[in-house]
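Subject: Structure for your review

Dear colleague,

Please find the structure below, handed over for your examination. My findings follow it.

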Amino acid sequence: MVRFLHTADWQMGMRAVHTGNKSKEIRLKRYVTAQKIVNIAQQKKVGFVLIAGDLFEHPDVDEVVVKKTVDILNQFAPIPVFILPGNHDPYIPGGIWDRTSWQRVGSHIHLLTVEEEIDLGSNVAIFPCPVKQKRSSLDPTSWIPKRAITDEKIRIGIAHGSLDSLPGEINFPISIKCADDKGLDYLALGDWHSFSQYGRSIYPGTFEPTSYDEPDSGNIVIVDIPAPQVSPNFEKLRCSTLTWAKFSLDIQDITDLEKFEEKLKALGSYSTLVIRINLRIHIQHDDRVFQQLKTLRDELDEMAFFLQWEQVEISVNPDLEAQLPEGLVQGVNEALTDILLGKIPQPPCNVFAGEDRAVVQKAKSMLRSFRRGGMK
Amino acid sequence: MIIEQISLKNWRGYREPHTFSFDKGFNLVVGRNEAGKSTLFEALARVMFDRFSSKAEEIRKIQPLNSSLGPEAEIIFIDNGKRLKIKKRFLHAPISELSSERNGRWELDHEGDKADIELQKILKGNSSSRASQPEHRGLAQALWYLQNEDPLPKKVWADGIKQDLAGIIEFVIKRPEEDAICTSIDDLYDRYWTSQSGKIKSGCELASLREEISQKENEFEDLRIKASNVENLRLELEGFYEIKKEKQNSLITAQHELTSQKQQLENADRIEDQKRVKDSEITELNNKISGLEKELKTIDRRIKIIYELNQKLSEAKEVAERCEADSRIEQNTEEKYHQKWKNDLEPQLKKIEDELSLLHKIENLSRLENSKEILHEYLSKLSKADEEYKIKKKKLTELIAPSKHEWHEFEESWDQFQRVEAEAKASAIRIKFDLNIEDSDIRSTPTASHTDVKHEYSVLTPTIFDIKKIGKIHVRGGGSSLEEIIEKSQSFQKSIQNTFSRFNVRNKQDLSDRYQNRIDLEREVKQLKKNLDTLLDENKGKNSDDEFRRLEQEIAEESQSIESAPATWKKLSGKGLREKIIQTEKTKKQLVEDIEKEQLMEKSSRDKSRALIQNAIDERSKFERSNSEINSLNNENVESLKNYGSRDNLVTLIEKNRNLLSTATGDLNHILMDYEKMVVLPRKLYAEGEHKVTALEEQIRTNENQIIDRNARIEESAAQGLYSQISDLEGLLETKKRRLASVQLEANSIKLLHDMVIALRKEQSTMLAGPISELVNRYLVMLTDDSYAGLELNEELLPIAIQSNRYGTQLPLDSLSYGTHEQIVVLLRLALGVILSKNERNLVVIDDRLVNADPMRMKRLSLILQEVSNNSCQIIVATCNDTPYTGIKGHVISVPSDGKLS
């Protein structure tokens, strides 16, 4: 019986450029999450920890990132930690693993740089598949020998790459039948940022989301293998600190807006949200929509960890436009409406027919905003 | 608005009250220059638009000269069918009264400021407290074309004009809501764009963001380059690791090869020993042969030298003997020369020298005697000079005569005496007796001296004159001065007499002669002393007597020494003696030369003899040396051949050793073939292998250093936090770019709104301009007979260009003649008048503006004026010449005569 913690893709020093001036804080949050994993390993009394690649975002990450990460890894002691170089932190000359600051790791930390079986004792062996370059079309697990008939060990593979079940050309392809073919009891994988399971091959996903497009990220896996050639048991544990979410939706009336607010609340505390919102607001008589939207935005602005809010007013309501004063402003509005409808406006505004639609749409929104008595 | 009547008093030339009435159609105000036509219009404008309380300079100018009364005017006008009257007085006791006619009676509606304000409302004016300008006059700005005012406004017409036109032309008037939106658009537009050029406003958020992003992008690019340098370092590092791996493999291979070559070299030592033995044997044989050959060569060289020395030996002996014989001959010759000069020439020379000595002595004797005679003569001269000197000196000593000092003292006393005498004479009392007596009748005691005048006496001392038959007269001076003078005179006289007696003379002349005698004698003694000193100087430092005695002794000695000389020589004259001496000296010289010549020959022979002897000695010595050398060489050869017996034996021995050497060399060649294969080549390969290993080790060390260097540089880069800097900057750029996109969209959108508003506003203006242009153009065609067809107005209803049918093109307005330009302005104002008078007649004023129109144009213009006045407007035209307007039916007002006195 062996119990271990399987994690991957910590991506320490991640840029998170799309979060603008919050990127630094997002980088710092990963240390918090890493610390949580140390605590979990200790609480769960695991025999060892496997980090299946991409511990670091890049070989060039700052010295301070390496130092802080080493400090956290050292806290696993005495639990042995086996770290596999991934495609983000490959085992290359001048790479992250050559750094002086990395040399500070404790003796419980084992960098897996050679494709050779490692006997962990207690009838357990791991088969590391280190990545030594950024890209490759070769299967890194190909070197793992098949289980001999007489082999009674618990065989655990650790690799970083994409399972070849995916279509198209992939980096470091790994046979989806690897675990079966090689007689592995468990194949600890890294590279995919969302949790995925393919039989005994498991991606725990990144421990802390790195983008809006990672539906099930922010987990680690605790694996129990009772005996050789016995199906492993695993427990997926959520550990992420921030919640990333994006919304792109139409608001036609107050009901739509209320539903949207319900979804936001379901995500948990606003303070942990990294959120991107794209709204298309349909013009209507009901000014409450605008009022409520403004309130929501103000609330998120104040509370959310990161907010990116974009909105456009898209539809034309002739009844509403009738509210604009007759004369010159009405003429401008009609010209803008014509352009949006693909028509050439009446002279003298016909010269503006080729204007960018986004600009015209915005101009229309602004005109209505002026009518309402102000603009945000 | 039209006017009916203008009354004015105390207004420039109109001191008395005048009232002018106007028709509602065409009015022609006619008057000569300065008659007061423009004053009427001035009154119209000032009363209608100026505040009654204004004290502006323009108002003050209205006041008649030398008048303190306030200018005053009253205007009756019709507005909106209502008859109104405004009365204003300026400056002094100013008033403003607005009245309206009700039921045929005037009723005062407003007065003071309120009257002014109400009037402005009616006229749509906008006048301040100061004198009004055209732009303050509402519609009147366009309809009243007064003198001294610009033909057209610079930028825009007054607001009232466009409003009225818009109302008339039925365009939609802006509403407050629209204004608010337009203001918002303008405000937001102003935030991003410049109002003039429509460019992005410097310092606005859009510009700042663009600038900031550009700057950050540059920074980002710099960081990216630095990051790519790290990547390059890593690539280099990869290459270095590859090289290291390759070099290490090469090193292992090279070390294996070296081991193998070392094994091959194990047999080399044996072969090398064989070679060394054989090399040694050959060297030994070579040395031996070389020694023997050297010895043989030495023996042969000695034999050759002995032979050569024997040759030289006989030659030396022969030369020595010949030299000795020659030497003897030379010695004989030398002796011959010696005998000749010693025995023959030298006695002759001795004799000649003796003779010459005698001759010299004779000559010397003669010279000594001559010197003695000169000395004798000198001594006589000296004795004579000394004697003469002593005589004169004695005479001088004995002479009784004043010295120079005494003479000068005397002369001084004499002069003073003379002066005192003259003074006494001048001071003497002169007494003249004018009596009938003879001189002889007068006696004086002491005797007084006569002057040149008859009976006049000069008295110096108290004198008694005894005059016969008359009596005595005592005369004496009144003061002491005359007596003192007389006393001084006597004293000097006494001193002079003493001098005379001392030198035993009677008068000054004698004393002077004595003094001159002394001077002459003294000069003579001085001259003699000088002569004596000169003579003594001639023989200075010598004792003449001793000299004389020495000469006498020398003469005696010399006389004795020439006793042996022939008597003839002694008798020779100086010249003869000198010739004899010269002759003898010449003979002596010849003899000396002959002796020297013989001595030279003697010396030459002696030198030759000595050289020959030395040569003979040298040859003898050489002979001895060669002989000894031959003996030595023979002994050395005997010694050298002692080991071999004979020279032939030595030659045989050498040949034998050469054969042995040949055999040994053959053996060595065999050994060398193995040596090359088994020693030289493996050793070369081993050395090369060693070199290769060393080089590879060095390369690996260099490679390792490069790896260390690149790793250090990568770490250094990481330590700078480049990766997070890039991340932060990229994040910031992302934020800024998002903000820029949003701001740019807003800016573009507001620009679109703004541009649309502008376009629509412009269209509005064009709509206003349309009817006006149309009317002006109709008038223009009438006026210019189709030369000009279309006047283009801008959105402010101001003319900007004109269509010329003659040139088929548009011309700028300023290219027209002054007259045409003025006529167009008049037409524009008429057209505005017509349009604005759609609902009510309005007044159009043209103050003397058409003077530049030709008769044809004037005639056409009259038609237009007639049409306008008939159909639309009240027109008042001022002119000094009514002829051009005769065709127009209207009211003619002569100024000032038609102004009825109130």
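I begin with the second largest cavity, the volume of which is about 30 Å³. Please note that this is a predicted model. The structure holds two cavities of 30 Å³ or more. Lining the second largest cavity are Leu143(B), Tyr145(B), Val826(B), Arg829(B), Leu830(B), Val844(B), Val845(B) and Ile846(B). Helix α17 and strand β18 (843-847) of chain B are the elements that give two or more residues to this lining. Sorted by class, the lining comprises seven nonpolar residues, no polar residues and one charged residue.

Leu830(B) appears again in the largest nonpolar core, which has 92 residues; together with Ile3(B), Met48(B), Trp144(B) and Leu865(B), Leu830(B) touches the most other members. Helix α17 (residues 818-836) of chain B gives the most to this core, namely eleven residues. As for Ile3(B), its contacts, leaving aside residues up to four places away in sequence, are Phe22(B), Leu44(B), Met48(B), Ile75(B), Ile76(B), Phe77(B), Leu843(B), Gln874(B) and Ile876(B). Another core, of 45 residues, lies apart from the largest one, and its members include Leu367(A), Ile213(B), Leu753(B) and Leu760(B).

Turning to the pockets, the second largest encloses about 840 Å³ of space. Its lining consists of 28 residues, and those that lie nearest the centre are Arg12(B), Ser38(B), Thr39(B), Glu42(B) and Asn148(B). Helix α1 (residues 37-49) of chain B supplies the largest share of this lining, seven residues. By class, the lining of the second largest pocket has seven nonpolar, nine polar and twelve charged residues.

Arg12(B), which is among the residues nearest the centre of that pocket, is also a contact of Pro64(B). Not counting residues up to four places away in sequence, Pro64(B) touches Asn10(B), Trp11(B) and Arg15(B) as well. Pro64(B) is located in the loop between α2 (57-60) and β4 (72-79) of chain B. Is Pro64(B) buried or exposed? Pro64(B) counts as buried because its relative accessible area is 5%, and the cut-off for buried is under 20%. Pro64(B) and Arg89(B) stand 25 residues apart in sequence, with 13 Å between their C-alpha atoms.

Finally, on the overall division of chain B, domain 1 covers 2-188 + 761-901, and domain 2 covers 403-502. The centres of these two domains of chain B, taken over C-alpha atoms, are separated by 142 Å.

With kind regards

Technical notes:
Residues are numbered from 1 along each chain as its sequence is written. Chains are lettered from A and ligands numbered from 1 in the order in which they are written. This is a predicted model: local features need pLDDT of at least 70, side-chain atom pairs count only at pLDDT 80 or more; totals for chains, interfaces and linings use all residues. Side-chain values use heavy atoms; hydrogens and water are left out. Domain bounds come from an automatic or database domain assignment. A nonpolar core is a set of buried Ala, Val, Leu, Ile, Met, Phe, Trp, Tyr and Cys residues joined through side-chain atoms within 4.5 Å. Buried means under 20% relative accessible area, exposed over 50%, partly exposed in between (1.4 Å probe, protein chains only). Helices (H or I, at least four residues) and strands (E, at least two) are DSSP runs, numbered from the N terminus. Contact means heavy atoms within 4.5 Å. On a 1 Å grid over the protein atoms alone, a cavity is a set of points where a 1.4 Å probe fits but cannot get out, and a pocket is an open set with protein on both sides within 12 Å along at least five of seven lines; lining residues have an atom within 4 Å of a point. Grid points are joined across faces, edges and corners, and a volume is the space filled by probe spheres set on the points. Ala, Val, Leu, Ile, Met, Phe, Trp, Tyr, Cys and Pro count as nonpolar, Asp, Glu, Lys and Arg as charged, and the others, Gly among them, as polar.
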